[in-house]
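Okay, thanks for squeezing me in. I'll put the structure up and walk you through one helix pair and a couple of loop residues.

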Amino acid sequence: MTTIIGHDSQAGILQAAARSGRMHHGWILAGPRGIGKATFARNMAMHLLAEAAGQPLPGDGLAVPSDNPTRKLIEADAHPDYVELYCLEKESGTARNITVDQVRGLQRLIQSAPTFSSRRIVVIDSADDLERGAANALLKNLEEPPPGMLFLLVSHAPGRLLPTIRSRCRTLRFDPLSDDAVRAVLRMQEPAIPTDEIEPLVQAGEGAPGRALRYAGLNIAEIERTLASICADGDPGNRQCLALAKALSTKSARPRYEAFLERVPAFIAEAARHRSGPALGAAIEHWEAARKLASGAIILSLEPGSVAFELAGHVAALSPRHP
């Protein structure tokens with residue numbers, strides 16, 4: 001069966017709306033990246049389509065048995081009443097946006113009668129990735145949807161969506177998961193993760209299982225220990241900062257380097273929470289500088305070793321022993 005961990009109240013809201021017979025046609029699933037909104041949307045769509053088709057389902061959750069006909073069709077990308085839009089893969093990598101042609105392709109679903117029930121569902125992962133023309137094309141569909149049509153729009157930053165799209169949808173907010181829920185997701189998705197790596201991944205995930213899973217296999221625990229050591233003693237002589245720069249500058253270390261770019265600002269932010277007065281002000285300044293450097297490192301193609309050394313220096317500056 002498919003299993004969703006967490007977000008029980010959100011599931012209850014959508015299921016109650018569906019069973020009421022007065023479900024709104026457009027929903028924005030809003031919340032931080034990596035907390036499972038897209039997985040929730042897919043499973044909710046699968047559950048609602050199976051339920052509408054009169055197929056037996058266990059319990060009140062979103063579980064759908066592996067032999068369920070709706071699940072089999074959706075997993076085979078062959079369900080006539082379901083479409084999912086996302087950034088497509090290209091030879092050069094993943095496209096940056098969902099195109100207007102992809103949204104126009106929804107007309108086949110919208111203009112035809114539903115096949116297995118009265119319901120049709122579109123999942124967009126994520127609506128933040130819609131190019132301008134695609135967003136305008138989607139708006140037309142949201143303005144005059146056919147009966148039984150449901151749009152589930154995943155969004156990490158709903159404030160950036162067109163106001164007219166937001167006004168035609170209801171917003172369902174999702175929060176980061178508890179540490180226990182993140183642990184459960186990690187053990188379910190990656191059962192081979194060593195036990196001593198679970199806790200560092202949980203902490204690094206910050207309530208987002210998707211982020212924690214991206215860090216799996218990157219020995220994030222070592223990065224966290226090194227940052228804690230640098231923060232504690234200020235790294236006199238820059239020995240640890242130089243070692244980090246060297247270790248993260250190779251091509252094979254690119255995934256760990258990208259994880260490091262995410263972790264350093266988060267590490268500084270966590271350290272700032274335990275400070276006050278001038279120490280807090282200094283920590284905030286280093287967080288701002290680290291966040292700006294980390295966010296632009298990939299886009300600007302900055303040299304990884306230099307970036308890693310400078311970021312580690314911001315962590316070192318938090319130490320009371322730092323000169």
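**A helix pair and two loop residues**

So, on the α12 side we've got Cys241, Leu242, Leu244 and Ala245, and they meet Gly305, Ala308, Phe309, Ala312 and Gly313 in α15. Sort the residues of that contact by type and you get seven nonpolar, two polar and no charged. Keep in mind that this is a predicted model.

How do the two helices sit? The axes of α12, residues 239-247, and α15, residues 304-316, come within 8 Å and cross at roughly 150°. Over 145 counts as roughly antiparallel, so that's what α12 is relative to α15. The crossing of the pair is right-handed, by the way.

Okay, on to the loops. His79 is in the one between α3 (69-75) and β2 (82-86). Buried or exposed, this His79? Its relative accessible area is 5%, and the cut-off for buried is under 20%, so His79 is buried. Skipping neighbours within four places in sequence, His79 is in contact with Leu49, Thr70, Leu73, Ile74 and Phe116. There's a polar contact too: a polar atom of the His79 side chain lies 3.0 Å from the backbone nitrogen of Asp81.

Last one, Asn97, which is in the loop between β4 (93-94) and α4 (100-104). Asn97 is partly exposed, at 33% relative accessible area. With neighbours within four places left out again, Asn97 touches Cys87, Gln102, Asp129 and Glu131. For Asp129, the backbone oxygen lies 3.3 Å from a polar atom of the Asn97 side chain. And C-alpha to C-alpha, Asn97 and Ala127 are 9.4 Å apart, with their positions 30 residues apart in sequence.

Definitions and conventions: Residues numbered from 1 in each chain as written. Predicted model: local features only at pLDDT ≥ 70, side-chain atom pairs only at ≥ 80, totals over all residues. Heavy atoms only, no water. Axes fitted to C-alpha atoms, helices over the stretch in contact; angles between N-to-C directions. Helix = DSSP H or I, 4+ residues; strand = E, 2+ residues; numbered from the N terminus. Parallel < 35°, antiparallel > 145°, perpendicular 65-115°, else oblique. Left-handed = near helix turned anticlockwise from the far one by under 90°. Contact = heavy atoms within 4.5 Å. Nonpolar A, V, L, I, M, F, W, Y, C, P; charged D, E, K, R; others polar. Buried < 20%, exposed > 50% of the residue type's maximum accessible area, 1.4 Å probe, protein only. Polar contact = N/O pair within 3.5 Å; in protein donor to acceptor, adjacent residues only side chain to side chain.
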